[in-house]
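User: I am new to this structure. Please take a close look at one part of it, the salt bridges. Tell me where the partners sit and how open they are.

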Amino acid sequence: MLTVHHLATSQSDRIVWLCEELGIPYELKRYARDPVTRLAPAEYCALHPAGTAPVISDGDVQLGESAAIIEYIINRYGQGRLAVAPSDPAYADYLFWFHYANGSFMPAAMMGLVSRMVPAEGADALKSLTRRLDRAWDLVEARLGQSEYLAGDSFTAADIMILFPLTTMRLFAPRELAGYPNVAAYLQRIGARPAFKAAMEKADPGFVVPLT
């Protein structure tokens, strides 16, 4: 049985959501954050050498990293659903956005978070890095002005990957959506998906994902 080890309010939301979208059986094991430090408990960190969320177990397999886990589940249990085939004209867009989420957007978002913690006299050193976050948001906004979803007209795993930096990361590094109407409309479409609602109810009951 596939087991999703879910750390509350983390990128492992993606994996629960993926399983719900695919309609595959899985066991959900939830882990609470330390109430003081807000970090993962030692039990979770011990699941994988990387010590980060998400993590899945599947027999003898213990796998970390969002993109790796999503590809594993899609190929092993999803018959390729929610991915885009190499023969599809949208394949390059799918690959780019699927990897952009954690390859560029999340690092930029983390720099945005760090910049808020740096004393004013040291902030100038981070400006060139934090501008990457503005470019990331602008890039997503422009793309969603061209198509309903990131890889085109169809919802794919690239959309599952991109949602975390557009939503939960804004709790740590706030950003208003007033200047991003395409992103705002996109988040409303995502929030209306039954699988997304089911995943959030199971993974983080009581947590309100910032979709506005």
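Analyst: Start with openness: buried means under 20% relative accessible area, exposed means over 50%, and partly exposed is in between (1.4 Å probe, protein chains only). The model is predicted: local features need pLDDT of at least 70, side-chain atom pairs count only at pLDDT 80 or more, and totals for chains, interfaces and linings use all residues. Numbering runs from 1 along each chain as its sequence is written, and side-chain values use heavy atoms, without hydrogens and water.

Seven salt bridges are present (a side-chain nitrogen of Lys or Arg within 4 Å of a carboxyl oxygen of Asp or Glu). Three of them follow, each with its places in the chain.

Take Arg76 and Asp58. Their side chains form a salt bridge, with 3.3 Å from N to O. Arg76 belongs to helix α3, residues 66–76, and Asp58 to strand β3, residues 55–58 (helices, H or I of at least four residues, and strands, E of at least two, are DSSP runs numbered from the N terminus). The two residues are 18 apart, so distant parts of the chain are linked. Is Arg76 buried or exposed? Arg76 has a relative accessible area of 53%, so Arg76 is exposed. Asp58 has 9%, so Asp58 is buried. This bridge therefore pairs an exposed residue with a buried one.

Next comes Asp134 with Arg175. Here the closest N and O atoms are 2.8 Å apart. Asp134 sits in helix α5, residues 127–144. Arg175 sits in the loop between α6 (157–166) and α7 (181–191). Parts that are 41 residues apart in sequence are therefore tied together. Which partner is buried? Arg175 is, because its relative accessible area is 19%. Asp134 is partly exposed, at 35%.

Now Glu148 and Arg189. Their salt bridge has its closest N and O atoms 3.7 Å apart. Glu148 is placed in the loop between α5 and α6, while Arg189 is in helix α7. So this pair, too, ties together parts that lie 41 residues apart in sequence. How open is each side chain's residue, Glu148 and Arg189? Glu148 has a relative accessible area of 35%, so Glu148 is partly exposed. Arg189 also counts as partly exposed, because its relative accessibility is 25%.

To recap the three: Arg76 in α3 meets Asp58 in β3. Asp134 in α5 meets Arg175 in the loop between α6 and α7. Glu148 in the loop between α5 and α6 meets Arg189 in α7.
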